[in-house]
Number of protein chains: 2
Amino acid sequence: MELLLPNPANSTPLTTLGFLDRAATAYGDSPSIVYNNMASSLTSLGIQRGQVVSVVAPNVPSMYELQFAVPIESKLVFVDHHSSSLVLEAISLFPRNTKHPQLILIDDEMVSSGSKSSLSNSHFLDHYEGILEDGDPKFKWVRPKSEWDPIVLNYTSGTTSCPKGVSLSHRAIFIKTMDALVDWSVPNQPVYLWTLPIFHANGWSFPWGMAAVGGTNICLRKVDPSQIYRLVKQHKVTHMCGAPVVLNMLSNSPDLETLEHHVQILTAGSPPPAAVLARTESMGFVVSHGYGLTEIGGIVFSCAWKQKWNKLPLTERARLKSRQGMNTVCFGTVGLTEADVLDPKTGELVKPDGKTVGEVVLRGGSLMLGYLKDIEGTSKCMRENGWFYTGDVGVIHPDGYLEIKDQSKDIIISDGENISGPEVESVLYSNPVFWGETPCAFVSLKKNGELTQKPSEKEIIQYCRDRLPHYMVPKTVVFENELPKTSTGKVQKFILRRIAKAMS
Amino acid sequence: MELLLPNPANSTPLTTLGFLDRAATAYGDSPSIVYNNMASSLTSLGIQRGQVVSVVAPNVPSMYELQFAVPIESKLVFVDHHSSSLVLEAISLFPRNTKHPQLILIDDEMVSSGSKSSLSNSHFLDHYEGILEDGDPKFKWVRPKSEWDPIVLNYTSGTTSCPKGVSLSHRAIFIKTMDALVDWSVPNQPVYLWTLPIFHANGWSFPWGMAAVGGTNICLRKVDPSQIYRLVKQHKVTHMCGAPVVLNMLSNSPDLETLEHHVQILTAGSPPPAAVLARTESMGFVVSHGYGLTEIGGIVFSCAWKQKWNKLPLTERARLKSRQGMNTVCFGTVGLTEADVLDPKTGELVKPDGKTVGEVVLRGGSLMLGYLKDIEGTSKCMRENGWFYTGDVGVIHPDGYLEIKDQSKDIIISDGENISGPEVESVLYSNPVFWGETPCAFVSLKKNGELTQKPSEKEIIQYCRDRLPHYMVPKTVVFENELPKTSTGKVQKFILRRIAKAMS
């Protein structure tokens, strides 16, 4: 068998870039030349292999198109008109006479104009549409020289520290995209609503995933429940993704209504409280729950549903579903090879007893190449033993399912006991009038008139005392109009921690 | 970006072997230790990396299990009791005092015993179940050292020449398996009926695919329509595969009945005549049609269905579906990079006009390493220009869909005109009383009493003359009780050709 080695015919680099071409032929009535145009324009502008093109934009069509058009220090920045003043401010910080990246303005027909005038600002080279028109519709996309070439650079949202630049390869994104489609059972020609920001871990790889299955992409600037309900109805949306905060918004919206058809919704980013899951499912959403990181390109654990669980009561079903679950299909099995939960002291596997906590470690095909220009940060989490250390803490249940207990950086130690933040949170969420953070509970009260009387600090503490071990009950309650959140909707715990510290 | 290179954490070799482990945890109520046992037993028997273990068996459970248990010149042969005399005959051809492979007998509880006695034959080392019992249930499967290591050695069925040993890598099978699941939109926990032989191109990679999605495998010794109808009903089968001859058997069976639920059926291997497609669909089967080769691990073209085609009349739908279609998602786009149809003289792409024929060439991640011990055969089809030459002839339609016209080795040249075998066949199939081969038509009449009077040679020729250009009409008709077929149900044209030659 020694003579049979890789050769040019069987070792074409893996990449997701061809998915859009195929979708255009199979599912488009006219050829999709848009991104060919853009890819050729980028080449004309002198963008080469190894150079970064940045995009500062919400989920507008150009954001989707650019996932396919950018070949891969930032030479060019595409800026949505809403973010133009922010980017211009950043540019103004460049020392005088220094070369700064060229800027392209993304207009949006859906939003009232006025942004065109910004072009008078000499910082902008052109409009997105202008660049597109200059492109060559016959331009053929260039396959990467190696499947290990970076395809994207994603910035983490920074719930626990400064944002980091995560570099992912064509190979990693290919593996993650195929994995995500199989794991979520995405059929051909879905209608996908972009509630999850594409700038967040590449929308968990679904820009390429939707091209793979010929999906229709419904773009959305901002997560707004009434807009979502309108679009779901109008376009017969079949699939969407979002952090648990999106589920919470949907199930607490004044526009709340039972769906006319089932909508698959995939949630990840933090453990969704059982009560939120239960409320969302009762409206007709079919919720799948997973766990992932920007560093591994998307979701790598998902709570694979067992048919026998359908017979259980709603609250028990929600409890089971709030666990992060099983490795997705491309990531082997917990306790075997590609994911483990290790005791932080011994480095050994933790017992699958649902109690013993350890740190979640990963390895596998969709793991990042590393953090850009951060050798120290990269080697800190990608260790010599071949594991990537996530910084997340979890337990393995006797049935093999993982449950994240809290981010290790966030662990609360009170009188020598480890307190699991999410456990306290889930009790708070189960009271339908509020949702917040503990052990100093930051509580944001609902706005949609369900309240006859605001609960007092005392009442909230009593509610928790009835449902939690004594040592886990929050000692202080802070009412906040709005909790500080990252651009992806995650609560910024480090800001709350700072407030709590200032109070003590 | 230069510092970011592959490292041990992100470059784990791709393989499908872990899929079964995961399925056992996610979907099994008890851990699946069966194949761990077998993998450990094989190690105990001295089987090492680089050595081949053979299996001579139909779709029995052990055949499925062995897809995961064999690490990869045959040292060990697993033999189904039905094939034991055949294998013993082969062994007897070994020169005296030569070491021949050790034999393991596969019993089948579903079949009346009597085979146990064969063990008295000293050629058999043990029973399959015996080997299994000796295994270590705690044995951990070994990840391949390289994703380029061979995982399987498949023999082609030889419709056009001698069987060849096709060696496929872990990487190739991983890519093909994920591709097949996405392309056919296979959901989680399907019920899969094994009408397609696992020994044929590994059942198009669905042994691993079913483990990936936690499917239930219904084994089947032999394609028998009444058995199939019974199992579909009993187990609520959702998915099955088979050559067009299986569709033909199902739609001509005396047990024919309209299905109580839809069954997805994927067909490939030869172009299914439109009339067979139409009959099968009218019974409740949802037919998908694809094209592939053992050499590329399974199906790499499939007729991606456009929703607008649903409005067309049945015969037009069947005509569109009988085309091989679009590259599957991991294989780029016809005319771009990973598949092309080339003019045999110029080596240039053929025009997408639905008329100009050329040879189908492929490259990509699931292509074989090569033919075992056949350097000449390998270099003949895997050429220096980086393409694998399939030997199949096709056209590209204006909508980008491929249609195979005939195997180039089979092309019939009559008075200087190229005659497309399938085109003649499809006219013959559209007459519901027979199906056959041309231009010397080998006709096998149906057996289930639809015939009041057998058609004469003259009537068959007249039927074709009414529907085909004059030069394509068969000049001779040979009535055969049964057409010679390969073990996978393909008509052995080279035998028919020999008969035709002997007649002329």
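**Two chains and the contacts between them**

Put chain B and chain A together and about 6000 Å² of area gets buried between them, with carbon and sulfur atoms giving 62% of it; buried area here is the accessible area (1.4 Å probe) that two parts lose on being put together, summed over both. This is a predicted model, in which local features need pLDDT of at least 70 and side-chain atom pairs count only at pLDDT 80 or more, while totals for chains, interfaces and linings use all residues. Residues are numbered from 1 along each chain as its sequence is written, chains are lettered from A in the order in which they are written, and side-chain values use heavy atoms, with hydrogens and water left out.

The contact (heavy atoms within 4.5 Å) draws in 76 residues from chain B and 77 residues from chain A. Two salt bridges turn up across this interface, a salt bridge being a side-chain nitrogen of Lys or Arg within 4 Å of a carboxyl oxygen of Asp or Glu. B:Arg171 and A:Glu147 meet in a salt bridge, at 2.8 Å from N to O. There are also 4 residue pairs in polar contact between chain B and chain A, both residues at pLDDT 80 or more. A polar contact is a pair of N or O atoms within 3.5 Å; within protein, one must be able to donate a hydrogen and the other to accept it, and residues adjacent in sequence count only if both atoms are side-chain atoms. On the side of chain B that touches chain A, H6(B) gives the most, with 8 residues; helices (H or I, at least four residues) are DSSP runs, numbered from the N terminus.

How do the two copies sit relative to each other? A turn of 180° and a shift of 0.0 Å along the axis lay chain B on chain A with an RMSD of 0.1 Å, superposed by least squares on the C-alpha atoms of residues with pLDDT of at least 70 in both. That is the relation of a two-fold axis. The same surface serves both copies, as 100% of the contact residues of chain B recur in chain A.

Within chain A, an automatic or database assignment gives domain 1 (34-134), domain 2 (150-409) and domain 3 (421-503). Domain 1 and domain 2 of chain A bury about 1500 Å² between them, 58% of it on carbon and sulfur atoms. Here 18 residues of domain 1 are in contact with 20 residues of domain 2. A:Asp80 forms a salt bridge with A:Arg221, the closest N and O atoms being 2.7 Å apart.

Notes:
Helix = DSSP H or I, 4+ residues; strand = E, 2+ residues; numbered from the N terminus.
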